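Here is a short briefing on one model. Please look it over before reading the points below.

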Amino acid sequence: MSKSLEEVNQSVSTLNKKSVFRKILAFFGPAYLISVGYMDPGNWATDIAGGSQFGYALLWVLLMSNIMALLLQSLSARLGIVTQRDLAQASRETYSPFINYILYFLAEIAIAACDLAEVLGMAIGINLLFDIPLIEGVLITVLDTFLLLFLINKGIRKMEAFIIVLVAIIGFSFIFEMIFAQPELDKVLFGLIPSMPNEAALYIAIGIIGATVMPHNLYLHSSLVQTRKFERTTVGIKQALKYNFIDSTIALNLAFLVNAAILILAAATFYRNGMFEVAEIQDAHRFLEPLLGSKLAPILFAVALIAAGQSSTITGTLAGQIVMEGYLNLRIQPWVRRIITRLIAIVPAVIVITIYGESVTGKLLILSQVILSLQLGFAIIPLIHFVSDKSKMKGFHIGRITQIASWIIATIIVSLNAKLVFDEIVGWLETSENPLLLWLTVVPLAISFLILLLYIVFKPFIAKSKIDIQNHSPHSLKLQFSKVGSYTKKNIAVSVDFSSADEVALNNAFELGGIEAQYTLIHVVETVGAMIYGEHIDDHETLVDEKLLEEYKAILTEKGFKVAIQLGFGKPNKVIPVLINSGNFDILVMGTHGHTGFKDLVFGTTVDKLRHKISIPLLIVKK
């Protein structure tokens, strides 16, 4: 599998940095690209709607969402740093092609919904600042894909610097907006206490969660952390995890402050003045000047909106590339991928605005965020499974407390989404003129997604238990071999493949050597990667095989046998002779059942080739 974002993978070196500050600075950057997704125009729409309708009451939802985001983004960064796989690649290696196609389709829908929000937001900003019609503003947003191509060709650090400048523009704009608005600080603090005014507030709250914890950001973060080159040692990985967590904490808290500022601005201006229905960004812009008494307020608002749209669209199109390459292993020209991503968002935006007019943009923005929230479970659950997997994470798996916290967050998000979907479907059924059509289309679709979600939740647990049952054959080793007067073999090699044939092979070996002999268990990893990279391969199957070999050793050592292990890489009929001839063995014992490659080795001409290549006797035993 190709590297994630291959054109910038490991392009930023963190090595040979003399001071700690310079080393930390070298790691800083990926989280700022992530943070812009947490302050995009979709957030603006949900924050403005929440602030104007419910005042400061939903501030706690923003805070809770930020805590969720920080944990989930740190898990995403951990996956990328440790496994050198992004979330899409990890899913492709774990699930069947059919499931991956569905997950890919859902991820593309989420990215399209996200990009729809960026397109609309930037077009609205252009419209407000330069009075350019909204449709033309939407079409202008195509051009920023070429800006992205230009930036990424200049290097990831240049892109990160550009994004940080845009984030700074947004931040400073809202500092001034807060000065103009003069919010009531006591009510701001009360807003951090959880409450839910009514059902409408729940819809907005889910929209806020969808706008804050974004599925495409999980794919993106697991890829962007791989742009850093550092020592692939235990110390180096721990250091990378620590510095990336600091990076995420700073960047996401800045994003939280921007989101809180937007909601507070809406509460302090519109809610305070009884304007509870301001959900459109255009309305918010128009009312700012008369309410705040400053001509600068609406200008800063529009400038910040353009900066938010521009920065967010860059990260959204990058995520599109990562998802396509990761799930499909399909690599196309980056500029083609980004044009496709942008067109997927622009076409529905143009159609809806043309048919329904500019007044629906606010509803469209909030809908896009709810779609994002609905897709979250299909990204979060696999992520939690991956970073909890000891073999996949090579000892850097998350602890029990973090796992519990992660599953609680996933449960909260999925439960809120399930309630939202159920309420929406019930509402449609009650008001529809043709409910039978909904029963035949929408209801089965919702049930299908529920089944898929349950499959993703439980599949890794089932798969793990199957592996345990299939591969942990040494737990049932009888080891009852016949007693003979003396054992002639002192150094015995046994080829194992983690099948039921191993028990027969080992028992035959023990009959030859008894308790005093030295046994060396040999297993050959036969993956394509092992054949190409040899001992430098670092894939999932190698980790699992190595772990099982260690378990064999532990179990047999506990039974009193002296056991060593050797892992080979490549074709067994080539690798085993090398290992045997480089050791001081008396005999090689092999079973007849196992992997397909192993069967080829034991039967026919391959066994003759092996027999002629080794300088010691070969004992082949059948189950």
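The notes cover confidence, one helix and the nonpolar cores.

This is a predicted model. Its mean pLDDT is 81, and 85% of the residues reach 70 or more.

**Confidence**
- Confidence peaks in helix 4 (residues 59-83), at a mean of 93.
- The lowest value belongs to helix 26 (residues 596-602), with a mean of 43.
- Over residues 594-605, pLDDT stays under 50. The model still has 28 contacts there beyond four places in sequence.
- Residues 467-473 also stay under 50. For these, the model has nine contacts beyond four places in sequence.
- Predicted coordinates should not be read in detail where pLDDT is low.

**Helix 6**
- Helix 6 spans residues 97-130, 34 residues in total.
- From first C-alpha to last, helix 6 reaches 48 Å, close to the 50 Å expected at 1.5 Å a residue.
- Of its 34 residues, 26 are buried, so helix 6 is largely enclosed by the rest of the structure.
- Asp131 comes just after helix 6 and takes a positive phi of about 60°.

**Nonpolar cores**
- The largest nonpolar core holds 132 residues. Trp44, Phe174 and Tyr219 touch the most other members.
- Helix 13 (residues 234-271) gives the most to this core, with 18 residues.
- A second, separate core has 21 residues, among them Leu548, Tyr552, Phe561 and Ile587.
- Beyond its neighbours within four places in sequence, Tyr219 is in contact with residues including Asp86, Leu87, Ala107, Ile322, Tyr327 and Phe378.

How values were computed: Residues are numbered from 1 along each chain as its sequence is written. This is a predicted model: local features need pLDDT of at least 70, side-chain atom pairs count only at pLDDT 80 or more; totals for chains, interfaces and linings use all residues. Side-chain values use heavy atoms; hydrogens and water are left out. Helices (H or I, at least four residues) and strands (E, at least two) are DSSP runs, numbered from the N terminus. The expected span of a helix is 1.5 Å times one less than its number of residues. Buried means under 20% relative accessible area, exposed over 50%, partly exposed in between (1.4 Å probe, protein chains only). pLDDT is the predictor's confidence in each residue, from 0 to 100. Contact means heavy atoms within 4.5 Å. A nonpolar core is a set of buried Ala, Val, Leu, Ile, Met, Phe, Trp, Tyr and Cys residues joined through side-chain atoms within 4.5 Å.
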